Amino acid sequence: MKKTLYIVDDHKMMQKGVKDYLEENTDWGVPVTCATSEECLQALKSAGGLNDLPQIVIVDVQLLNENGFDLAQKIAQDFPSVKCVMYSMYDTTGYILQAKAAGVRGYISKVASEEELVRCLETVLSGKEYFEGKALDSLAKIEKVSPLLTRQEKRILEKLLQQKSNEQIAGELFVSLHTIENYVSYIYDKLCVKSRAELEANF
């Protein structure tokens, strides 16, 4: 089976570097590179039949005036055979949780070696998930404290770790700011932390 992927990154040098490395050193082909979500979705729609779609789309977390999570979620919904891998400078727990929620199958830092990127692609192609070392550590910590939290507290914790303000969280969850402040206090108490900074340091 022909192995193809698209790259979505608004940095042309990064696009070219990854494309050139993969095509010169592996059996992956990169027929399409895009700078925006719109370009990527249009390319996927224009690909034709299932056999013409790429197996993987590599998506940067931060695109120009947009984020890659929305694109990953759209791809998962509209093109379920296509798997997304996040390739980013951001490897905080919040971003990793957001990626998983968007249906991303792999998450790897841009500072990782080329060999690890290839390992990630092959793992995701095989139907498994690939989250590099730090990401796995972060997910393990979240898993460990999950039994202490209610479902709503887990949702709020994820948003706290995405560095969203109480006001933003209240708006996204359609509850009052006072309610969110109370939840944040409960979370701090259960996790034995006293501030956002301490929470982020622990995860």
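# Questions on cores, charges, rings and strands

User: Is Glu 23 buried, partly exposed or exposed in this predicted model?
Analyst: In this predicted model, Glu 23 has a relative accessibility of 37%. Buried requires a value under 20% and exposed a value over 50%, so at 37% Glu 23 counts as partly exposed.

User: With which residue does Glu 23 form a salt bridge?
Analyst: The partner's closest approach to Glu 23, taken between N and O atoms, is 3.4 Å. The two residues are four apart in helix H1, and therefore separated by about one helical turn. The partner is partly exposed, with a relative accessible area of 25%. The salt bridge of Glu 23 is with Lys 19.

User: How many residues apart are Lys 100 and Glu 129?
Analyst: Lys 100 and Glu 129 form a salt bridge whose closest N and O atoms are 3.2 Å apart. The pair links distant parts of the chain, since Lys 100 belongs to helix H4 (residues 93-101), whereas Glu 129 sits in the loop between helix H5 (114-125) and strand E8 (130-131), and their separation along the chain is 29 residues.

User: Which residue forms a salt bridge with Asp 27?
Analyst: The closest N and O atoms of this salt bridge are 2.8 Å apart. The pair joins distant parts of the chain, with Asp 27 in the loop between helix H1 (12-25) and strand E2 (28-34) and the partner 24 residues away in strand E1 (residues 3-8). Asp 27 counts as exposed because its relative accessibility is 52%, while the partner is buried, with a relative accessible area of 13%. The residue that pairs with Asp 27 is Lys 3.

User: Which residue is linked with Lys 3 and Asp 27 in a network of salt bridges?
Analyst: Among the 11 salt bridges of the structure is the one between Asp 27 and Lys 3. These two residues also belong to a network of salt bridges, in which they are linked with Glu 122.

User: Which residue in E2 is the bridge partner of Lys 3?
Analyst: E1 and E2 pair in the parallel sense over five bridges. Lys 3 is in strand E1, and in E2 its bridge partner is Trp 28.

User: Which are the edge strands of the six-stranded open sheet?
Analyst: The strand order in this open sheet is E2-E1-E3-E6-E7-E8, and the pairing is parallel. An edge strand here pairs on one side only, which holds for E2 and E8.

User: At about what angle to E6 does H3 run?
Analyst: Helix H3 lies across E1, strand E3 (56-59) and strand E6 (83-88). Relative to E6, the helix runs at about 170°.

User: Is the aromatic pair of Phe 69 and Tyr 95 stacked or edge-to-face?
Analyst: This is one of two aromatic pairs in the structure. The rings are 5.9 Å apart centre to centre, with 25° between the planes. Phe 69 lies in helix H3 (residues 68-78) and Tyr 95 in helix H4, 26 residues apart. Planes under 30 degrees apart meet the cut-off, so the pair of Phe 69 and Tyr 95 is stacked.

User: What is the angle between the ring planes of Tyr 183 and Tyr 186?
Analyst: Both residues lie in helix H9, three residues apart, about one turn of the helix. Tyr 183 counts as partly exposed at 23% relative accessibility, and Tyr 186 also counts as partly exposed, at 45%. The pair is edge-to-face, with the rings 6.2 Å apart centre to centre and the planes at 80°.

User: Is Ala 99 buried or exposed?
Analyst: Ala 99 lies in helix H4, and beyond its neighbours within four places in sequence its contacts are Phe 69, Met 86, Val 104 and Tyr 107. Since its relative accessibility is 0%, Ala 99 counts as buried.

User: Which helix gives the most residues to the largest nonpolar core?
Analyst: The largest nonpolar core has 49 residues, of which Val 57, Ile 75, Met 86, Leu 157 and Leu 199 touch the most other members. With five residues, the element that gives the most to this core is helix H9.

Methods: Residues numbered from 1 in each chain as written. Predicted model: local features only at pLDDT ≥ 70, side-chain atom pairs only at ≥ 80, totals over all residues. Heavy atoms only, no water. Core = buried A, V, L, I, M, F, W, Y, C linked by side-chain atoms within 4.5 Å. Buried < 20%, exposed > 50% of the residue type's maximum accessible area, 1.4 Å probe, protein only. Salt bridge = Lys/Arg side-chain N within 4 Å of Asp/Glu carboxyl O. Contact = heavy atoms within 4.5 Å. Phe/Tyr/Trp six-rings, centres within 6.5 Å; stacked < 30°, edge-to-face > 60°. Pairing = 2+ DSSP bridges. Axes fitted to C-alpha atoms, helices over the stretch in contact; angles between N-to-C directions.
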